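Let's walk through this structure together, from the overall fold down to a few backbone details. Have the sequence and the 3D view ready.

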Amino acid sequence: MATGLAFAAGPVTHEAALVGAGEVAGRPGPDGARHAGEAPRRRRPGFAAVGVLGELLMTAGVVVVLFVVWQLWWTDVEAGAVQAGIVSTLVESGPSPVAVVAEPRTEAAPRIEVPPEGTTFALLRVPRWGDGYVMPISEGVGAAVLDRLGIGHYPETAMPGQVGNLALAGHRQGHGRPFYSIEALAPGDALVVESPGAWYVYRVTVSEVVSPGAVEVIAAVPGRPGAVPTTAVITLTTCHPVFSSRERYVVHGVFESWMLKADGMPGVLAPGIIGANESER
Amino acid sequence: MIVYGWLWRHLPGPTALRALLLTLLAVGVVAVCFLWVFPVVAPHLPFEQITVEEAP
């Protein structure tokens, strides 16, 4: 700064400074004041290279911060809007909920056809995660499903209420974070799958942390790949620890009962649904 | 500031216009990152894999 002021003070010194100042010397400007500010930019080439490197590193730092903001905030905003739209469409297009507690049924549950990849076919409601918690379940576990549509259904695994393993994957941070509170699930907690015509109630049995390659957790009989299933179970998978992909957090549950929506709703949802959400629609 | 100084000197107009242009440029860069760059890069980073799958 002091040098700059000195140059600005005398026109002769100013011209002298411009000679050999590289980029500035070749570019005569309209007024002397501008030149006076630029004159002290003369530097040795090595110094300039370090300066450029420093600026690029600072830029890289800003980009990394932007990435974190994108990951933790923007993907939530974007996917949250998509998921809320899907949920409201499904809820509004279906019949109005019957505000009575339906009698649980345990005979063979209504079958849902396996939809094409990327199609939303059910909703997940989990009272432990709040009365307002509802997330769409769509076919497939590719980025197109998990990053936008919410929960993904592992292809080839059982459909809701059917014998075998209903295996679902969901993000734990970003992208609407459907499984954000997965560690809060305790044995006995209800996991309710809602299809256009029926409710399917599962109960959590056990949670575990496994390696990313532990595909046996989504086998038809969890932990025993190849075994022939005789009961209907559910498995949720997400990343662990949160903000990392080092391991997977896995929650298992067993199918308890189902109800037709025309008959009412599951007792586990009744307090929340009648009181808070659905009765307004 | 060499790189950004160069940018500043090559923007046209008075200071207020340059500041506006620089802001628009920054918003544009952030938008490109958010909408196209980060979604492409993210699947290759070890932050958001949530499925169990066979090791490749």
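A good place to start is a pair of residues facing each other: Trp199(A) stands opposite Met259(A), the latter in strand 8 of chain A. Keep in mind throughout that this is a predicted model. The two residues point us to a pair of strands, since strand 6 of chain A (residues 198–210) and strand 8 of chain A (residues 247–260) are joined by 12 bridges. These two strands run antiparallel. In general, strands of a sheet pair through backbone hydrogen bonds, in either a parallel or an antiparallel way.

Now step back to see where that pair belongs. In chain A, 8 strands close into a barrel, and going around it you meet them in the order 1-2-3-4-7-8-6-5. The pairing in this barrel is mixed. From one strand to the next, the twist averages 30 degrees.

Next, look at what lies against the strands. Helix 4 of chain A, covering residues 45–93, lies across strand 1 (120–125) and strand 2 (134–139) of chain A. Relative to strand 2 of chain A, helix 4 of chain A runs at about 90 degrees.

The loops between strands hold some backbone details worth checking. Following strand 7 of chain A (232–240), the loop that leads to strand 8 of chain A contains Pro241(A). His240(A) and Pro241(A) are joined by a cis peptide bond, with omega at about -10 degrees.

Two residues that are not glycines have a positive phi. For Glu156(A) the value is about 75 degrees, and this residue sits in the loop between strand 3 (151–153) and strand 4 (164–169) of chain A. For Arg177(A) phi is about 30 degrees, and its loop connects strand 4 and strand 5 (190–194) of chain A.

Which of these surroundings is buried and which exposed? Glu156(A) has 10 other C-beta atoms within 10 Å, so it is exposed, given that 12 or fewer is the cut-off for that class. Arg177(A) has 21 C-beta neighbours inside 10 Å and therefore counts as buried, because the threshold there is 20 or more.

Finally, turn to the second chain. Here 20 residues of chain B are in contact with 31 residues of chain A. On the side of chain B that touches chain A, helix 1 (3–10) and helix 2 (15–41) of chain B each supply at least two residues. The largest share, 4 residues, comes from helix 2 of chain B. By character, the residues on this side of chain B divide into 15 nonpolar, 2 polar and 3 charged.

Conventions: Residues are numbered from 1 along each chain as its sequence is written. Chains are lettered from A and ligands numbered from 1 in the order in which they are written. This is a predicted model: local features need pLDDT of at least 70, side-chain atom pairs count only at pLDDT 80 or more; totals for chains, interfaces and linings use all residues. Two strands pair if DSSP finds at least two bridges between them. Axes are lines fitted to C-alpha atoms, for helices over the stretch in contact, and angles run from 0 to 180 degrees between N-to-C directions. Two residues are in contact if their C-beta atoms, placed from the backbone, lie within 7 Å. Ala, Val, Leu, Ile, Met, Phe, Trp, Tyr, Cys and Pro count as nonpolar, Asp, Glu, Lys and Arg as charged, and the others, Gly among them, as polar.
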